[in-house]
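This report walks through one structure for a reader who has not met it before. Please keep the sequence and the model side by side while reading.

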Amino acid sequence: MLNTRSYKRIQRQKQLAEKRNDTENVRQKCCELAQMHIDMEQFDDALQELKEAMIMGGEKDPLVHRTLADYYSYMSNFSEELIHREKHLSITRDNETIAEEQQALNNLGTCFLEAALASGQVEAPLIDQQPQSREGLLQKSYQYFTDALALSPACSEHQRKHMEMRHG
C-alpha cells in the first residue's frame with residue numbers, strides 16, 4: 001500500500017517547487033514520487049513522473065537516470081536500463097562525485113549480473129545490438145563491482161591486487 005501521508009507530502013513539496021520555478025527540486029520530487037510508484041508496481045504513474053523530470057531538464061541529472069534505470073529494471077528491459085545506468089555513471093564521473101560514481105558502478109554490476117542470471121530464461125540480452133553470452137555478462141558484472149570496490153577508501157591497495165590476482 002502506498003504511504004498516503006508521505007506521497008501527499010512529496011506532492012505538496014513538488015507543487016511548491018513548481019510555484020518557485022525550482023526545476024532541480026521539481027526533478028527530485030518527480031523522482032521520489034516515481035520511486036514510490038515503482039515500489040508499488042504502478043509503472044504508468046512512475047513513467048509519467050519520470051517524463052516530467054526529463055522535460056524539466058533531467059538529461060544531465062544523475063538522479064533522473066538512476067530512477068529511469070530502476071524503472072526499466074522492474075520492467076525487465078535490459079537495453080533501456082543499461083542506457084540509463086551508463087548515463088548515470090557518465091554524469092557522476094563528470095561531476096566528480098565519488099560516492100555517486102561508486103553507486104553507479106555497483107548498479108551497473110548488478111544490472112549485468114541480473115542479465116546473466118536471466119540469460120538462461122529469456123533470449124540473450126543485447127548490447128550494441130549484439131547478443132551477450134552469460135560468461136560475458138558475468139565478466140562485465142565482475143569488472144563493474146571491482147571498479148566500485150576500488151573507489152572505496154576502505155579497500156586497500158593489497159586488497160585490490162588480491163582481487164585482480166584471483167580473477168586474472
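The expected span of a helix is 1.5 Å times one less than its number of residues. The model shown here is a predicted one, and helix H7 offers a place to apply that rule: H7 covers residues 134–151, and because its 18 residues should span 26 Å, the distance of 26 Å between its end C-alpha atoms agrees with the expectation. Within H7, the buried residues are Leu-137, Ser-141, Tyr-144, Thr-146 and Ala-148.

**Nonpolar cores and a surface patch**

The largest nonpolar core has 14 residues, and among them Leu-50 and Tyr-71 touch the most other members. Helix H2 (23–39), helix H3 (43–55) and helix H4 (62–74) are the elements that give two or more residues to this core, with the largest share, 5 residues, coming from H2. Leaving aside residues up to four places away in sequence, Leu-50 touches Cys-31, Ala-34, Val-64, Thr-67, Leu-68 and Tyr-71. A second core, separate from this one, has 13 residues, including Leu-82, Leu-89, Ala-115 and Ala-148. On the surface, Leu-113, Leu-117 and Leu-138 form a nonpolar patch whose accessible area is about 240 Å² together; Leu-117 is placed in helix H6, residues 98–118.

**Salt bridges**

The structure holds 10 salt bridges, and three of them are listed here with the separation of their N and O atoms.

| Pair | N to O distance |
|---|---|
| Lys-14 and Glu-49 | 2.9 Å |
| Asp-61 and Arg-27 | 2.8 Å |
| Glu-100 and Arg-66 | 2.7 Å |

Lys-14 lies in helix H1 (residues 4–19) and Glu-49 in helix H3, so this pair ties together parts that are 35 residues apart in sequence; both Lys-14 and Glu-49 are buried. Asp-61 lies in the loop between H3 and H4 while Arg-27 lies in helix H2, so their pairing joins parts that are 34 residues apart in sequence, and Asp-61 and Arg-27 are both buried. Glu-100 belongs to helix H6 and Arg-66 to helix H4, so that pair ties together parts that are 34 residues apart in sequence. Through shared partners, salt bridges also join Lys-14, Glu-49 and Glu-52 into one network.

**Two loop residues with positive phi**

Glu-41, in the loop between H2 and H3, has a positive phi near 60° although it is a residue other than glycine, and because its relative accessibility is 59%, Glu-41 counts as exposed. Glu-96, in the loop between helix H5 (78–95) and H6, is likewise not a glycine and has a positive phi of about 55°; with a relative accessible area of 66%, Glu-96 is exposed.

How values were computed
Residues numbered from 1 in each chain as written. Predicted model: local features only at pLDDT ≥ 70, side-chain atom pairs only at ≥ 80, totals over all residues. Heavy atoms only, no water. Helix = DSSP H or I, 4+ residues; strand = E, 2+ residues; numbered from the N terminus. Buried < 20%, exposed > 50% of the residue type's maximum accessible area, 1.4 Å probe, protein only. Core = buried A, V, L, I, M, F, W, Y, C linked by side-chain atoms within 4.5 Å. Contact = heavy atoms within 4.5 Å. Patch = residues over 30% accessible without salt bridge, like charges linked within 9 Å, V, L, I, M, F, W, Y side chains within 5 Å. Areas by Shrake-Rupley, 256 points an atom, 1.4 Å probe, with all protein chains shown as cover. Salt bridge = Lys/Arg side-chain N within 4 Å of Asp/Glu carboxyl O.
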